[in-house]
Amino acid sequence: MIELLLVDDESYVTESLARTIPWDEIGVIKVHQAASAAEALQIIEQHDIDIVVSDISMPGMSGLQLIEAVNEKWPHIRSILLTGYSDFHYAKKAIQLQAFDYILKPVSDEEFIKSVSGAIEALKDEWDAHDKYHQLLYKRKADYSVLHANLMHDLLLGRVMSERTLSAKLKEYEISFDMDASAALLLIQLGKHYMTMDHHTISLMEYAIGNIAEELFKEHFHVWFCKAPHDCLILLVEMRPEVARELEMLDSYTLERQNLLKAAINKFRMNVSNYLKGDISLIVSEWFTFPEGMTAAYRGGLSSMYLTVQNETGSVIFLEDRHPQEGVNIKSLETLYRPPTLIHLLESKQWDTARQKIEDVFSDMENARCSREQLYEVFLSITNAFMYIAHKGGQFISQIDQYALDPLLTQSILSSLNKLRDWALEMLGKLQEELSESDQYTKSYIIKQVHELVGNPLGHELSVKTIADHVYLHPVYLSKIYKAETGEGLGDYIIRMRMERALYLLKNTNKKIYEITTELGYQNPQYFSKMFKKHYGMTPNEFRDG
């Protein structure tokens, strides 16, 4: 609770206030008294003071000098000034020192109680905001594994982000990966030993494997581990900058880099076998530039994983060591990767154009000699697009089609080009039907997310763009949905929420206009006043004075 300090060289003033004010009723549990600024500073050093009420005119150090010293060392303390002088320069100085209030003597109990109560309320608001902020930070920390996995899935499945957006997310999620640096992708499959375990036990095993990986690779690599969208685990590694700089000085940089990776993988497999009593298999991609090469590396790894004999456990395949003709001829799949991509068409609900793109891909493939690897490439690319858009729509692709994830069940689909085409078009139809049925629910859920984001303690800092990033939608599309569902523009809603918060602060607190301006995220008090007047027909000062 609140501890308050009364400071006045005329002791009868502090004694009178200490006796007559109903401190318990306004939430003050202890009242301290000081007859000088020097004594006040000693008391503040020894006790957890929340509010200082001080006379301005005192011998030695004045009240203004006292609150200046308090602000410098204890900025959380609220200060209220008392004086028998009504000169404006005192009030002006008090404002400059950010005193909470300024009361003229003789002080009426009613006015004093109102001022102290306002300071207490402001403190509680600050404490509540502080607690909520740290709760949000704690929740964010607890959710990091989910956030890391979601971001990884977006990148693996081909979501395109601006460099600025991705850099911000990496920093926000505390992922120590540098843009445009070389990285490698490890696809990890659990051996037969794990297949007899229940879902909970396997989850614990996967968590343990991630911990072992992070511990063993961290000396030379930054590590990002999560469960992959398909039936495996993902370990993304990027060389630590200081290690990369040392190796770049060597003529054998590429070889030494690969040797470090192989050594870490050998230790990793050995530790998993020793501690978890089971084997793992790994597909190791070639080195690529992060994040541009992630989707291609993932598809290549999956293709190799599906083509590998299923009972070959405990193996490590380095795609860098494969013979060139084993790779996929990307040029023969030009239509598949030519913009607009399938993900873009699905995301913008261009179902007919997406259907035509799939038809064009298979028409081109009919005119070329297609290898089995190319069939896998097409299957994985289309599956990735389907998984991505299903995830955004709140669906699981395995609920829509059982072939999408199970490597064994895909064999019949991949036995011919026609079967793969029929599956892709059928899957597209199912996806369109499922997402169209859930579209209204999805829109309602998005509106709910927007309201929760804007309504939280830090909601005033959000913009349409940042909200769109949170709900994984383009700002224009989000604004369109919000307007259609609520009849109000999203930007207008954000401003309205800010103005309602301003109205509350003006009515229920003694905060200065400039303090409210800053709290609401505005840089300029004049601009804030202009927006407030546009919204309510009067300035903040006119509202408060009225």
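# Exercises on a predicted fold

Of the 546 residues of the chain, 45% count as buried. The coordinates come from a predicted model, and the chain holds 27 helices and eleven strands. Among contacts with a separation of 6 or more, 69% join residues 24 or more positions apart. Let's work through some pieces of it together.

## Exercise 1: an open sheet

Task: work out in what order the five strands of the open sheet lie, and which strands stand at its edges.

Solution.
- Step 1. Reading across the sheet, the order is β2-β1-β3-β4-β5, with parallel pairing.
- Step 2. β2 (28-34) and β5 (101-104) each have a single partner strand, so one side of each lacks a neighbour in the sheet and these two stand at the edges.
- Step 3. From one strand to the next, the twist averages 20°.
- Step 4. Now pick one pair inside the sheet: β3 (residues 51-55) and β4 (residues 78-83) are joined in the parallel sense over five bridges. Within this pair, Val53 stands opposite Ile80.

## Exercise 2: helices on the sheet

Task: find which strands α1 and α3 touch or lie across, then describe how α3 meets α4.

Solution.
- Step 1. Start with α1 (residues 11-20), which lies across β1 (2-7), β2 and β4 and runs at about 165° to β2.
- Step 2. Turn to α3 (residues 37-46): this helix packs on the sheet and touches β1, β2 and β3, its direction making about 145° with that of β2.
- Step 3. The axes of α3 and α4 (residues 63-73) come within 10 Å and cross at roughly 20°. Angles under 35 degrees count as roughly parallel, and therefore α3 is roughly parallel to α4.
- Step 4. For handedness, α3 passes α4 in a right-handed crossing.
- Step 5. Look at the residues where the two helices meet: α3 brings Ala37, Ala40, Leu41, Ile44 and Glu45, while α4 brings Leu66, Ala69, Val70 and Lys73.

## Exercise 3: an acidic residue

Task: decide whether Asp154 is buried or exposed, and list what it touches.

Solution.
- Step 1. Locate Asp154 in helix α7 (residues 144-156).
- Step 2. Its relative accessible area is 5%. Buried means under 20%, so Asp154 is buried.
- Step 3. Leaving aside residues up to four places away in sequence, Asp154 touches Arg159, Met161, Tyr388 and Tyr472.

## Exercise 4: a hairpin

Task: describe how β7 and β8 pair, and how many residues lie between them.

Solution.
- Step 1. β7 (residues 221-227) and β8 (residues 233-239) pair in the antiparallel sense over seven bridges.
- Step 2. Five residues lie between β7 and β8, and the two strands form a hairpin.
- Step 3. To find your place in the pairing, note that Phe225 stands opposite Leu235 in β8.
- Step 4. β7 is mostly covered, with five of its seven residues buried.

## Exercise 5: checking a helix length

Task: compare the expected span of α12 with the distance between its end C-alpha atoms.

Solution.
- Step 1. Helix α12 covers residues 253-276, which is 24 residues.
- Step 2. The expected span is 1.5 Å times one less than the number of residues, so α12 should span 34 Å.
- Step 3. The end C-alpha atoms of α12 are 34 Å apart, which agrees.
- Step 4. The buried residues of α12 include Tyr253, Arg257, Leu261, Ile265, Phe268 and Leu276.
- Step 5. Just after α12 comes Lys277, whose phi is positive, near 60°.

Technical notes. Residues are numbered from 1 along each chain as its sequence is written. This is a predicted model: local features need pLDDT of at least 70, side-chain atom pairs count only at pLDDT 80 or more; totals for chains, interfaces and linings use all residues. Side-chain values use heavy atoms; hydrogens and water are left out. Helices (H or I, at least four residues) and strands (E, at least two) are DSSP runs, numbered from the N terminus. Buried means under 20% relative accessible area, exposed over 50%, partly exposed in between (1.4 Å probe, protein chains only). Two strands pair if DSSP finds at least two bridges between them. Axes are lines fitted to C-alpha atoms, for helices over the stretch in contact, and angles run from 0 to 180 degrees between N-to-C directions. Contact means heavy atoms within 4.5 Å. Angles under 35 degrees count as roughly parallel, over 145 as roughly antiparallel, 65 to 115 as roughly perpendicular and the rest as oblique. A crossing is left-handed if the near helix is turned anticlockwise from the far one by less than a right angle, and right-handed if clockwise.
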